[in-house]
Each structure stands twice: as structure tokens, then as C-alpha cells.
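Thank you all for making the time this morning. I would like to walk you through a structure that is new to most of us, and I will take it slowly.

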Amino acid sequence: MRFRLPTLLVLIGANYIVAQSQVPSTTDSILPQQLDEVIVTATRTERQLSSLPLPVTLVGKKQIIKSGTVRLNEILNEQTGIITVTDESGFQGVQIQGIASDYILILIDGVPLVGRSAGNFDLSRLTVGNIKQIEVVKGPSSSLYGSEALGGVINIITEKPKTEALTGNASYRIGSYTQQDMNLDLKQGFEKFRYGLFANRFSSEGYDLNEDVEGQTVNPFTNYTLNGRLYYDFNNKLSLFTSGRFYDQVQDAGFSLDSIQYEGDTKEREWNAHARLDHTWTPNLTMAYELYYTNYVATELLADPISTDVLSDSDFDQKLFRPEVRGSYTFANENDSKIGFQNGTLTAGAGLQIDNLDRTYFDETVNFTSQYLYAQYDFDPIEKLNVIAGARFDNHSEYNNQFSPKLALRYQLNNNLSIKGSVGYGFKAPDFRQLYFDFTNSAVGYTVLGYNVAFEKLQELEAQDQILDVIVTEDELSKPLEAESSIGYNLGFNLNHGKGTTEVNFFRNDFKNLIDTRIIARKTNGQNVFSYMNFDEIYTTGFEINSSYKLTDQLNISAGYQLLYAFDKQKKQDVKDDQVFIRDAASGQSVALAQSDYFGLVDRSRHNANFKVYYDIPSANTNVNIRVLYRSKYAQYDTNGNGLIDSFDTSFIDGFVTINAAISKIFYSDFTLQVGANNLLDYTDNNIPTMPGIQAFIKLNYQF
């Protein structure tokens, strides 16, 4: 089913705005960032968003509900400087400050999720039905969170029960391509005991963007998410939080190859179990004792139903176990309290992480273990200056020890203007695939080997007379693969201007030891053997600006823009030295590439912008919102074989605009009817499988 509502939405929204613009409001209006909101991810302690010295984006529950989004990738894609990017598997990861999904840590209630496809975490796995808020910390955060937080952290905070009455909601949404989303959320609290139960079913019949190619662009799927949370207060000093989450998805995986229609499915299943004991020893000292376990399993089977020939049969089974203890101590004295600030808060923690992966193309189950310590001091040396200094030490079984420091400062120049800056070190450990992969493409014949098994596997291939020559030395494969690392800098300003706020942030991230593939041997069949090496050095730099303004009690507007430059340092130098060539189409001769023609890294747009309007109509119990998103052109891969993206490549996606809109009306105080559509301009591109044109929806929600 594919129905269209763009004209209806625009006409209804315009009519409401014109007719109701003078009606006084008694309801809270939405702003993209509420300055008094409390955030915990940036410091692991509760801090007001407006007081933080770090670049942070906060997406609250109101914004999620009014936008009508149902999956995490949808709502994040509407935030300034955050771009969702689809990999070759069709999974949507997130890019922050031009830093790829591989380097962004994803948390739920402060604990990490696992299960990445080639390093990319698929954000569409996560529903937003029971989310209180989403906290995004931009830039290196390894000083608190270790590996994978090299480029930032996204923390999903679930909602906590507040009242003794049974509260919650039940909702049903249906949209284009028979996309259905169903939620049931229950919460209740008693004197000492509270609980929350959440269930979600999400499904689609899929869609096809290219009728000339057999099979659908996105195949039909159904997934379920179940989450239960229990809270128990033993007394006013000791409380327990436990959470269990289950995710299950089945997707058809039909595929046509050489006129043979292969059939099968892909399955994903995820378990999370989380327990935390919070203890207030004294008014100044709090401790948290935490246990966390997660297991992610993915399988794929594709076979010819007639001949029973198997095209693909793969398994991925990852487990993570992590105990952690942390504490916070607040230093204060009476004199400090009188002038409105404290001497500071010291936060410290220690933990153990055991990571286990059993995967097709691995000879055996692989285990990683690491131990870590971290500490952070948050203090105000003078009344208007806040300083956060922290560091973390990681000891890992597979790579060199890592020390990750960070320093952030914020100075309140006056009541309306503050300046903030930070510098931090981030790292990402080599993953299982980069160390232990053993894959040979049966159709083409090339081989990819993980670094730790490359030498041994090369010897086996040589013994089988499959190697023509080896182009690396034994020494090059004997030193441990180093962790990827970066140093990130952020400098920003916050300005309050009447009924609005503006935030500007300049950033720079310098990476070294990035891991990429390189040829290590040539095979007798004419193909190559690849492995992983440390050699890339890149940087991302630019600035972001966010501005929001409350024009009236009913009307809020906001706008955001990011300018991004992302380059490989060595390739940029090679272009400058006239070492990179392209073939001139007119003469057929090879000519050196001009510096102005080097575009940068793949999947990076130079410009990204958004404009949002939220309008509340209290007399009609209605709200209207429109979100306009712009992304400038970007390239998906190198097509002319010179090893970089330049203006002569043909894989560019031209810049495009998408418009999302939703109208919600409350009936009988408990029922909300929402009508909306994403991509109102009906933009499609066969190379962007996640954009199938206009996606309209209707949602009914019952709040109790």
C-alpha cells in the first residue's frame, strides 16, 4: 500500500497557522534543545545541558513524538552534523563530524550494544517508542568510554516510572509499503518498587526502486523488541535497577544471480541484560555497581530451491560481558556554597570487558579481554569557569595499552554569552574481522585475511601452490596491529538572545594509524590476497551552527548548518605533488589531477543543513511541524581507479532536499491522531536504497 498526503498536509498546516496564530497558548512548546535539560553521557554525572563545556546534542521525547519517527536512524538524521549513511549491506550507520559509524559508540542506558556489519552499527535496529531522550556527545570520548568512542557517543535513555498510577500508551501506525509499527508501553511506581514494560512490532512489505533489476531493493521484514525494567529502592540510600531487552528480526533474502533465483532469509536476534546497584554512602559520595551482558546473533541462508545449491550460509554470534564499578565524590565547603559553586566532583571507575565472537570465516571462536580505569575531575576554579579533566587507561589482550586524556573548559563571559573548548584523545581497537578474517570469494577468487592469521594462511596457500608472489616481508606481518587513534579539538560559543539561542562549534579531528586493506600477495589465478594494515592518516574539520527561536508562545523555529572538509592527508599531498592522474576524455592522455579536483573522503557532503518549524494550536489540541533537510553532493566510491574521490568520478549523488511533516490532534483528552509524511518532494535515487520516495503514515495513540 502506498498512499500520498503531501498536498493535504501542506494545506491543513497552512490553514491552521493562519487561523490560529493569535490564539494564546498554555502548553509547553517544543524547542530542539531545552537548555535546562539534564544530560549524563558527557560526564557520567547529571549536568545541565547549558552548562556543559562539550559539544552535545539532546533530542527529547517531545521532539521524537511530534516528528512521528519510529526508528533511531530517522530522528538522528534530522539533527545538525549527524548524517545516516547506508553501507554496502544496506545497513544505516551514523556519521558525526565526518567520522564514520565504525568510530561512534552506541549505548542504551549507559551500556554498549554489539553486532556490527563490517564495523557499521545498524541504527534501524532500535525503536524510539520508549525513549526519554537521546544524548549525542560529539568528538573523542575515549577518556570515559574507551574503544569505539573515538568519534563520539550516542546514549539512548529509556523512560523511568514516576507515579503510582498505571500509565502508558498503546499506538498503531501504518504507512507506505504497508510499514506497520505497534507499541505498548506500561509504567507504574509504588513506594519502593517501580516497573516498565515495553513491546514493539515493526514490519514492512519492502519496496523496489529499480524494476529493471530482479528482486526488491528492500525485502519484506518483521521485527520485535521487548524491554522490561525493574526499579527497587531498599532505602533512601540504596536502589537497584535491572533491565532486560530482546530483539528479533526475520527478513526475506531473495536474490537473483546468473538467472537463478536464490531464496532464503536473514535473521537477527539480540539479548541485553543489565543490573546496577546505586549506593549513596554519604551526601558527597555515591557508588554504582554494574553488571552487563549482551548477545547478538545474525544468520543468513541463500539457496537455489531447485538444485539446493547454497549461495550464502553465514553465522555471526557475538557476546559481551562487562562488570564495572564507579563512584563520584563531591568536594564542597561552606564558603564555596555561599558563593554558588563547589570545589568539584571527582568521578572514577574500573571495569573488565570480555568480548567473544564466533563467526563464519573464522577458524575458531575468538576472545578479547580488557581491563580499564578512568577518572575525571569536574570543578570550577573561579566562579565563571568550569573545567573538566579526565583520562582513561585500557589494557587489552590484542593491542598496545591505551591512555586517553581529555580536557574541556567553559567560561561564562556574561549572562548571555559563554565560550567553551575541548581537546581529547580517542582510539578504536582493531576489531575481530581485521584480526581473524579468513574469506575467499568463490566467484571471483580473491582472498581477505585478518592481520593476526595472515602469515599462517599465506603459508597454507603457498603449500597449495596458489601464491604467485608475496609482496610483504615477514616483519611487516609480525608486529601487532595498532589501535586507530585521533585527537579532536572543539571550540564553541553559546549565545542567548531574547527568546532564542545560538550555538556555534568549530571542530578538527586528526586521525592516524587508520586500518585499511592492502595487497600482501598475488595468486596464481590472477587475483590478490588482501590483509589489514595501519597506514592511513586523515582529518575532518569544519563548523556547525544551531539556532532556535520562539517567535510566539505557539511557534518555534530552528535552523542548523554544518560545513565539513574530510581528506586523506597522504592522498592530498600526492595530489599536490602531481602524483595522482586521471585520463583526459578528449585526448585520451593521462594528466595530473588538480588540487581543486580532489573532493575528499567517500560519503562526506561538504554542506548539510536543516530548518524546522513547530506550531502548537492549543484551542484545537493540535500541533503541526515541518522539517526541511538538505545534503549536498557526495561520492560513494572511486570509479576511475586512481584511489581517491575526485570531480571526474561518476559515483556522485547530487545534492538533494527532503521535507518531512506531521500533524497531530488530541481527541477526548487521551487519543492522538497523527498524519504525516517523510520525503514530501518524492526524491529517489537507485543508489540510496533507504529513500523510496514519499513515505506517508497515519498513527493512532492512546495515552492512559
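I will go from the interior to the strands, then to some single residues, and end at the surface.

Before anything else, please keep in mind that what you see is a predicted model, and that local features are discussed where pLDDT is at least 70.

Let me begin with the interior. The largest nonpolar core has 63 residues, and within that core the residues with the most contacts are L72, I134 and I154. If we set aside its neighbours within four places in sequence, L72 is in contact with L123, L126, V128, I134 and I156. Apart from this core lies another one, of 10 residues, and among its members are I39, L58, I388 and A408. As background, in soluble globular proteins nonpolar side chains tend to be buried together.

Now to the strands, starting with an open sheet. Its 5 strands come in the order β3-β8-β9-β6-β7, and the pairing in the sheet is mixed. Which strands form the edges? They are β3, residues 56–60, and β7, residues 111–112, each of which pairs on one side only. Between β3 and β8, the latter covering residues 131–138, there are 5 bridges, and these two strands run antiparallel; if you want one pair to look for, T57 has V136 in β8 as its bridge partner.

Further along the chain, I would ask you to find strand β30, residues 555–568, which is mostly covered, since 10 of its 14 residues are buried. β30 pairs with strand β29, residues 528–550, in the antiparallel sense over 13 bridges, and the two form a hairpin with 4 residues between them. One bridge in this pairing sets I538 against D568 in β30. β30 also pairs with strand β34, residues 607–617, again antiparallel, over 9 bridges, and here I557 stands opposite V613 in β34.

Next, some single residues, each with its surroundings. G600 is found in strand β33, which spans residues 598–600. Is G600 buried or exposed? With a relative accessibility of 4%, and with buried meaning under 20%, G600 counts as buried. Leaving out neighbours within four places in sequence, G600 is in contact with A566, F567 and I645. G600 and Q636 are 36 residues apart along the chain, and their C-alpha atoms are separated by 11 Å.

S486 sits in strand β27, residues 484–497, and is buried, with a relative accessible area of 2%. What does S486 touch, not counting residues up to four places away in sequence? The list is P140, L150, G424, Y425, G426, D510 and F511. For a sense of distance, S486 and Y372 lie 114 residues apart along the chain, with their C-alpha atoms separated by 19 Å.

For a helical example, Q434 lies in helix α6, residues 432–436, and at 6% relative accessibility Q434 also counts as buried. Beyond four places in sequence, the contacts of Q434 are K428, G450, Y451, L481, I515 and Y532.

Two residues deserve a remark on backbone geometry. Most residues other than glycine have a negative phi. R44, however, has a phi near 65 degrees, a positive value in a residue other than glycine, and R44 lies in the loop between β1, residues 38–39, and β2, residues 47–48. D682, in the loop between β40 and β41, likewise has a positive phi, near 60 degrees. As for their surroundings, R44 is buried, with a relative accessible area of 14%, whereas D682 is partly exposed, with a relative accessible area of 28%.

That loop brings me to the surface. A nonpolar surface patch of about 660 Å² is made by F667, Y668, F671, L673, I698, L700 and Y702. The strands β40, residues 671–678, and β41, residues 695–703, each supply at least two residues of this patch. Which strand gives the most to the patch? It is β41, with 3 residues. F671, in strand β40, has a relative accessibility of 33% and therefore counts as partly exposed, a term for values between under 20%, which is buried, and over 50%, which is exposed.

That is where I will stop, and I am happy to take questions.

Note on methods. Residues are numbered from 1 along each chain as its sequence is written. This is a predicted model: local features need pLDDT of at least 70, side-chain atom pairs count only at pLDDT 80 or more; totals for chains, interfaces and linings use all residues. Side-chain values use heavy atoms; hydrogens and water are left out. Patches are made of residues with over 30% relative accessible area and no salt bridge: like charges are joined within 9 Å, nonpolar side chains (Val, Leu, Ile, Met, Phe, Trp, Tyr) within 5 Å. Accessible areas come from the Shrake-Rupley method with a 1.4 Å probe; for residues, only the protein chains shown count as cover. A salt bridge is a side-chain nitrogen of Lys or Arg within 4 Å of a carboxyl oxygen of Asp or Glu. Buried means under 20% relative accessible area, exposed over 50%, partly exposed in between (1.4 Å probe, protein chains only). A nonpolar core is a set of buried Ala, Val, Leu, Ile, Met, Phe, Trp, Tyr and Cys residues joined through side-chain atoms within 4.5 Å. Contact means heavy atoms within 4.5 Å. Two strands pair if DSSP finds at least two bridges between them.
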